[in-house]
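Got the viewer open and ready? Let's take a walk through this one, stop by stop, selecting as we go.

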Amino acid sequence: MKNDLSPLISVLKKRNVVIFCGAGVSLFPPANAPSGIELRNLYLTPMEQWASLRKAVRLLKSAKSLRPERVISAFHNIAADRALSPIALLADARPNALHAVLVELHNHRFIDSIITTNFDTCFE
């Protein structure tokens, strides 16, 4: 059974299309970026070595509903010189096929803008 792409093609032809992308876009190879919770935990784990932060880090890692950017921002403000840059954790991310398709659609003016909440630089 084939997917009918005609509704998508119709929308793309009308222009004024803005694509909003979340972290899911970068989960697939070769980007292999971590999910939001994984990013938060990657960021916090090295800070467990400092006894003064250990209890707070473990509490934050167990709180599934806390948004990663809030945790990273708070800890970056507290432990500035000891904290890892969240962008550095994603430095090796390479664009995947979905990034490439969206960028091509943008380059050919089928998409006006791509807005992303991602910390990686796969669209840049």
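Start by selecting the cysteines and looking for disulfides: the count comes to zero. This is a predicted model, so keep that in mind at each stop. Cys 21 is buried, at 3% relative accessibility. Cys 122 is buried too, with a relative accessible area of 4%. For a disulfide, two cysteine sulfur atoms would have to sit within 2.5 Å.

**Zoom out: the whole chain**

Now clear the selection and show the chain as a cartoon. You should find five helices and two strands. Follow the elements from the N terminus and the order reads α-β-α-α-α-α-β. Of the 124 residues, 29% count as buried. Switch on a surface if you like: the chain exposes about 8400 Å², and carbon and sulfur atoms supply 59% of that area. How much of the contact count comes from residues 24 or more positions apart? Among contacts with a separation of 6 or more, such residues account for 69%.

**Stop one: a nonpolar patch**

Keep the surface on and select Leu 5, Leu 8 and Ile 9. Together these residues make a nonpolar surface patch of about 280 Å². Leu 5 belongs to the segment before α1, the helix that spans 6–14.

**Stop two: the loop between β1 and α2**

Go to the loop that follows β1 (18–21) and select Pro 29 with Pro 30. The peptide bond from Pro 29 to Pro 30 is cis, and its omega is near 0°. Pro 30 sits in the loop between β1 and α2.

Next, select Asn 32, which also lies in the loop between β1 and α2. What is the sign of phi here, in a residue that is not a glycine? Phi of Asn 32 is positive, at about 50°. As for cover, Asn 32 counts as partly exposed because its relative accessibility is 49%, and the exposed class takes over 50%.

**Stop three: Arg 40**

Carry on into helix α2, where you'll find Arg 40. Buried or exposed, with its charged side chain? Arg 40 counts as buried, at 0% relative accessibility. Show the side chain and follow it to Ala 63: the side chain of Arg 40 reaches the backbone oxygen of Ala 63 at 2.7 Å.

Then light up the neighbours. Leaving aside residues up to four places away in sequence, Arg 40 touches these:

- Leu 60, Lys 61 and Ala 63
- Lys 64 and Leu 66
- Pro 68 and Val 71

**Stop four: a salt-bridge network**

One of those neighbours, Lys 61, leads straight to the next stop. How many salt bridges are there in the model? The count comes to two. Select Glu 48, Arg 58 and Lys 61, and you have a network of salt bridges on screen.

Take Arg 58 to begin with. The side chains of Glu 48 and Arg 58 meet at 3.2 Å, N to O. Glu 48 is in the loop between α2 (36–44) and α3 (51–62) while Arg 58 is in helix α3, so this pair ties together parts that are ten residues apart in sequence.

Now turn to Lys 61. Lys 61 forms a salt bridge with Glu 48, and the closest N and O atoms are 3.4 Å apart. This pair links distant parts of the chain, since Lys 61 is in helix α3 and Glu 48 in the loop between α2 and α3, 13 residues apart. Glu 48 itself counts as buried, at 18% relative accessibility, because buried means under 20%.

**Stop five: the two ends of α5**

Move along to helix α5, residues 97–107, and select Asn 96. Asn 96 caps the N-terminal end of this helix. To see the cap, pick out a side-chain oxygen of Asn 96 that lies 3.0 Å from the backbone nitrogen of Leu 98.

Now slide past the other end of the helix. Which residue just after α5 takes a positive phi? That's Arg 109, with a value of about 65°, in a residue other than glycine. Arg 109 lies in the loop between α5 and β2 (113–116). Turn the surface back on for a last look: Arg 109 is exposed, with a relative accessible area of 63%.

How values were computed:
Residues numbered from 1 in each chain as written. Predicted model: local features only at pLDDT ≥ 70, side-chain atom pairs only at ≥ 80, totals over all residues. Heavy atoms only, no water. Buried < 20%, exposed > 50% of the residue type's maximum accessible area, 1.4 Å probe, protein only. Patch = residues over 30% accessible without salt bridge, like charges linked within 9 Å, V, L, I, M, F, W, Y side chains within 5 Å. Areas by Shrake-Rupley, 256 points an atom, 1.4 Å probe, with all protein chains shown as cover. Salt bridge = Lys/Arg side-chain N within 4 Å of Asp/Glu carboxyl O. Helix = DSSP H or I, 4+ residues; strand = E, 2+ residues; numbered from the N terminus. Polar contact = N/O pair within 3.5 Å; in protein donor to acceptor, adjacent residues only side chain to side chain. Contact = heavy atoms within 4.5 Å.
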